[in-house]
Amino acid sequence: MTPLAEIEALAARNHLMVAGVVTGVGSLPKGTQSLILLAPDEPAFWPGITDSTEWQDGQADPIDRWSKRIIGSLSQTLGGTAIFPSDGPPYAPFFTWALQSGRCWASPVNLLVHDVAGLFISFRGAIALPHALPAVSETRPCDTCTQPCLAACPVGALTDAGYDVPACHTHLDAAEGANCLTRGCLVRRACPVGQDRRLPEQSAYHMGRFHR
């Protein structure tokens, strides 16, 4: 059995971080004792992606293909099974697993918030392991935060009432939306946790994929 510290080091060498460990809950796949959630290790993640074969070959879905190659290899090394959020339907319950990890929570704007990545948390995949790893539990950062995320959206598209997707797209169509479109969502950037981890060019890529 590989210790958690070694798994974290192995993930980091591949521009990923262990964003949470889920142990001993009923939502895990059959035969799984622990599940490792893998997220981008930013800011190192984006240079690693753009230097990859998948990014440079001009084919579709380079980040998903990179994730499957890298996490698939990691899972073999660890004797586990790789699981990806893009596979489905049915889709794996990554949101539920995140909440069960003790390192992700529902934020005041109903997006997931992570103890390190803040509102920029995302998952590239997970590895289901047949043995137990120690669970890690942190404190929800929003409980001691002034919660600037609640007032950050210029058009009120992301609030505690939910996400107004049409209002968001309308704002991105306007000149005033260029800040969000090229540097990332103002609400996500307002979170004090994880600020300055994600590179603007990475945010611009994802916003462009979202707003098309």
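# A walk from the sheet to the pockets

Select S34 to begin, and you will find that it stands opposite L129 in strand β6. Strand and helix names follow DSSP runs counted from the N terminus, with at least four residues (H or I) for a helix and at least two (E) for a strand. What you have open is a predicted model, in which local features need pLDDT of at least 70 and side-chain atom pairs count only at pLDDT 80 or more, while totals for chains, interfaces and linings use all residues. Residues are numbered from 1 along each chain as its sequence is written, and side-chain values use heavy atoms, with hydrogens and water left out.

**First stop: the sheet**

Next, select β6, which covers residues 125-129. Five of its five residues are buried (under 20% relative accessible area; exposed means over 50%, and partly exposed lies in between, with a 1.4 Å probe and protein chains only). In a regular strand the side chains alternate between the two faces of the sheet. Colour G125, I127 and L129 for one side of β6, and A126 and A128 for the other, and you can see both faces of the strand, since all of these residues are buried.

Now add strand β2, residues 34-40, which runs antiparallel to β6 and is joined to it by five bridges; strands pair if DSSP finds at least two bridges between them. Along this border, L35 has A128 as its bridge partner in β6, and L37 has A126. Seven of the seven residues of β2 are buried, so this strand is largely enclosed by the rest of the structure.

On to the neighbours: β3, residues 81-83, pairs with β6 in the antiparallel sense over three bridges, and here A82 has I127 as its bridge partner. Seven bridges join β1 and β2, again in the antiparallel sense, and you can pick out V22, which stands opposite L35 in β2.

Show the four strands together, and you have an open, antiparallel sheet in the order β1-β2-β6-β3. Which strands stand at the edges? They are β1 (16-23) and β3, each of which has a single partner strand, so one side of each is left without a neighbour in the sheet.

**Second stop: a cavity**

Rolling a probe the size of a water molecule over the atoms shows where empty space is left. On a 1 Å grid over the protein atoms alone, a cavity is a set of points where a 1.4 Å probe fits but cannot get out, a pocket is an open set with protein on both sides within 12 Å along at least five of seven lines, and lining residues have an atom within 4 Å of a point. Points are joined across faces, edges and corners, and a volume is the space filled by probe spheres set on them.

The count comes to one cavity of 30 Å³ or more. Select I7, L10, A11, L38, L74, L78 and I127, which line the largest cavity. The elements that give two or more residues to this lining are α1 (4-12) and α4, and α1 gives the most, with three residues. The lining of the largest cavity divides into seven nonpolar, no polar and no charged residues (Ala, Val, Leu, Ile, Met, Phe, Trp, Tyr, Cys and Pro count as nonpolar, Asp, Glu, Lys and Arg as charged, and the others, Gly among them, as polar).

**Third stop: the pockets**

Move next to the largest pocket, which has a volume of about 1,100 Å³. How many residues line the largest pocket? There are 41, of which I121, S122, R188, R198 and H206 lie nearest its centre. Its lining receives two or more residues from each of α4 (62-78), α5 (94-100), α6 (165-173), α8 (186-190) and α9 (200-210), and the largest share, seven residues, comes from α9. This lining divides into 29 nonpolar, six polar and six charged residues.

The second largest pocket holds about 170 Å³ of space. Among the residues to select for its lining are F120, R183, R188, R189 and S203. Helices α8 and α9 each supply at least two residues of that lining, which divides into three nonpolar, three polar and five charged residues.

**Last stop: aromatic rings**

Finally, select W46, W55 and Y205, which ring pairs link into a cluster. Rings of Phe, Tyr and Trp (its six-membered ring) pair if their centres lie within 6.5 Å, and planes under 30 degrees apart count as stacked, over 60 as edge-to-face and the rest as tilted. By this rule the count comes to six aromatic pairs. The pair of W46 and W55 is edge-to-face, with 5.2 Å from centre to centre and 75° between the planes. W46 is buried, with a relative accessible area of 6%, whereas W55, at 28% relative accessibility, counts as partly exposed.
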